[in-house]
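This report describes selected features of one protein chain. Please consult the sequence and the structure shown here alongside the text.

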Amino acid sequence: MGVKLKVLGIILARGGSKTIPKKNIKTLNGKPLMAYTIDSALKSDVFDDFIVSTDDTNIAGVALEYGAKVPFMRPDELSGDTIWSRDAVKHAVLECEKIYDKKYDYVMELPCTAPLRNENHIREAYQMLISNDVDSVTSVTRMVDKHPVRMKRIVDNNLEDFCKEFPEGEGSRKQDLEPCYIRNGAIYSMTRNCIVEKFSRHGDKCMPYVMDEDVSVNIDTIVDFKLAEILMREKNEN
């Protein structure tokens, strides 16, 4: 029997959200937003340790209540709104390795702003990561109506194509456009070497895990929050 791989799961949840105050623990259909990601992560049975990295004691309390670990409080210098996620993820990996006295093989960051991502998505992305010679697997969803060919810029009050290399021309039927994908903010999975040594969540070879649009809501604004509420409600009713 082979050696069991060690996997660390991480939620980054600082307390200083500006668009939606206390977004990470704001109530969504009866539960704190963070609870949905914790629940899916624990049900996936992928992780040796699943932790929340936060600078906020209220968020830490909610994380513990719903079954995640909070082995440290994130330092202030890694908690500002200009800090890159990769900095906080690498910090979490190294701190957890010291605290739990182990070295991880793989790391998965699960932003709690993607509450419609479930345990099956997590398992599938993880299997892709360990079954392929890649640095990382990142979740994406297909862009249709908001395809980049249709993006515009305003110059001197005149509407121009944003991407001059691929102009829209007289019209762009969505069925004729080359398939295009965008990160949906649900899953960032990577090797330990990718985040610790290459200091990247993507590395040199990043494999896409494609998710459906109806499970790809990434909550950044109150409109996103309302959309997630509606989709969850419809799912529960069905």
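## Asp-48 and Lys-4

Asp-48 is partly exposed in this predicted model, because its relative accessible area of 28% falls between the limits for buried and exposed residues, 20% and 50%. Its side chain meets that of Lys-4 in a salt bridge, with an N to O distance of 3.3 Å. The pair links distant parts of the chain, 44 residues apart: Lys-4 belongs to the segment before strand 1, whereas Asp-48 lies in the loop between helix 1 (33–44) and strand 4. Lys-4 is exposed, with a relative accessible area of 56%.

## Further salt bridges

The structure holds 15 salt bridges. One of them joins the side chains of Asp-49 and Lys-102 at 3.0 Å, N to O. This pair also links distant parts of the chain, since Asp-49 is in strand 4 and Lys-102 is in the loop between helix 3 (85–100) and strand 5, 53 residues apart. Asp-49 is buried, with a relative accessible area of 3%, while Lys-102 is partly exposed at 24% relative accessibility. Asp-49 and Lys-102 are linked with Lys-69 in a network of salt bridges.

Another salt bridge is formed by Asp-204 and Lys-198, whose closest N and O atoms are 2.9 Å apart. Asp-204 counts as exposed at 68% relative accessibility. Lys-198 counts as partly exposed, at 35%.

## Strand 1 and its partners

Strand 1 covers residues 7–12, and six of its six residues are buried, so the strand is largely enclosed by the rest of the structure. In a regular strand the side chains alternate between the two faces of the sheet. In strand 1, Val-7, Gly-9 and Ile-11 point one way, and Leu-8, Ile-10 and Leu-12 point the other way; all are buried.

Which strands pair with strand 1? Strand 5 (residues 106–109) runs parallel to strand 1 and is joined to it by four bridges. Within this pairing, Met-108 of strand 5 is the bridge partner of Gly-9. Strand 4 (residues 49–53) also pairs with strand 1 in the parallel sense, here over five bridges. In that pairing Ile-10 stands opposite Ile-51 of strand 4.

## Val-107 in strand 5

Val-107 is found in strand 5 and counts as buried at 1% relative accessibility. Leaving aside neighbours within four places in sequence, the contacts of Val-107 include Leu-8 and Ile-10, two residues that point the same way from strand 1. Val-107 is also in contact with Val-89, Val-93, Tyr-188, Ser-189, Met-190, Arg-192 and Ile-195.

In contrast to these contacts, Val-107 and Cys-163 are 35 Å apart in space, C-alpha to C-alpha, with their positions 56 residues apart in sequence.

## Ser-200 and its surroundings

Ser-200 is found in the loop between helix 5 (192–196) and strand 10 (206–210). Is Ser-200 buried or exposed? Ser-200 is buried, because its relative accessible area is 18% and the cut-off for a buried residue is under 20%.

The side chain of Ser-200 reaches the backbone nitrogen of Gly-203 at 2.8 Å. Leaving aside neighbours within four places in sequence, Ser-200 is in contact with Met-190, Cys-194 and Ile-195. Met-190 and Ile-195 are also among the contacts of Val-107.

## Cysteines

How many disulfides does a search of the whole structure find? The search finds zero. Cys-112 is accordingly in no disulfide, and the nearest cysteine sulfur, that of Cys-96, is 16 Å away. Cys-112 counts as buried, at 2% relative accessibility.

A disulfide is a covalent bond between the sulfur atoms of two cysteines. For Cys-180, the closest cysteine sulfur is that of Cys-163, and the distance of 10 Å is too far for a bond, because the two sulfur atoms of a disulfide must lie within 2.5 Å. Cys-180 counts as buried at 16% relative accessibility.

Key. Residues are numbered from 1 along each chain as its sequence is written. This is a predicted model: local features need pLDDT of at least 70, side-chain atom pairs count only at pLDDT 80 or more; totals for chains, interfaces and linings use all residues. Side-chain values use heavy atoms; hydrogens and water are left out. Buried means under 20% relative accessible area, exposed over 50%, partly exposed in between (1.4 Å probe, protein chains only). Two strands pair if DSSP finds at least two bridges between them. A salt bridge is a side-chain nitrogen of Lys or Arg within 4 Å of a carboxyl oxygen of Asp or Glu. A polar contact is a pair of N or O atoms within 3.5 Å; within protein, one must be able to donate a hydrogen and the other to accept it, and residues adjacent in sequence count only if both atoms are side-chain atoms. Contact means heavy atoms within 4.5 Å.
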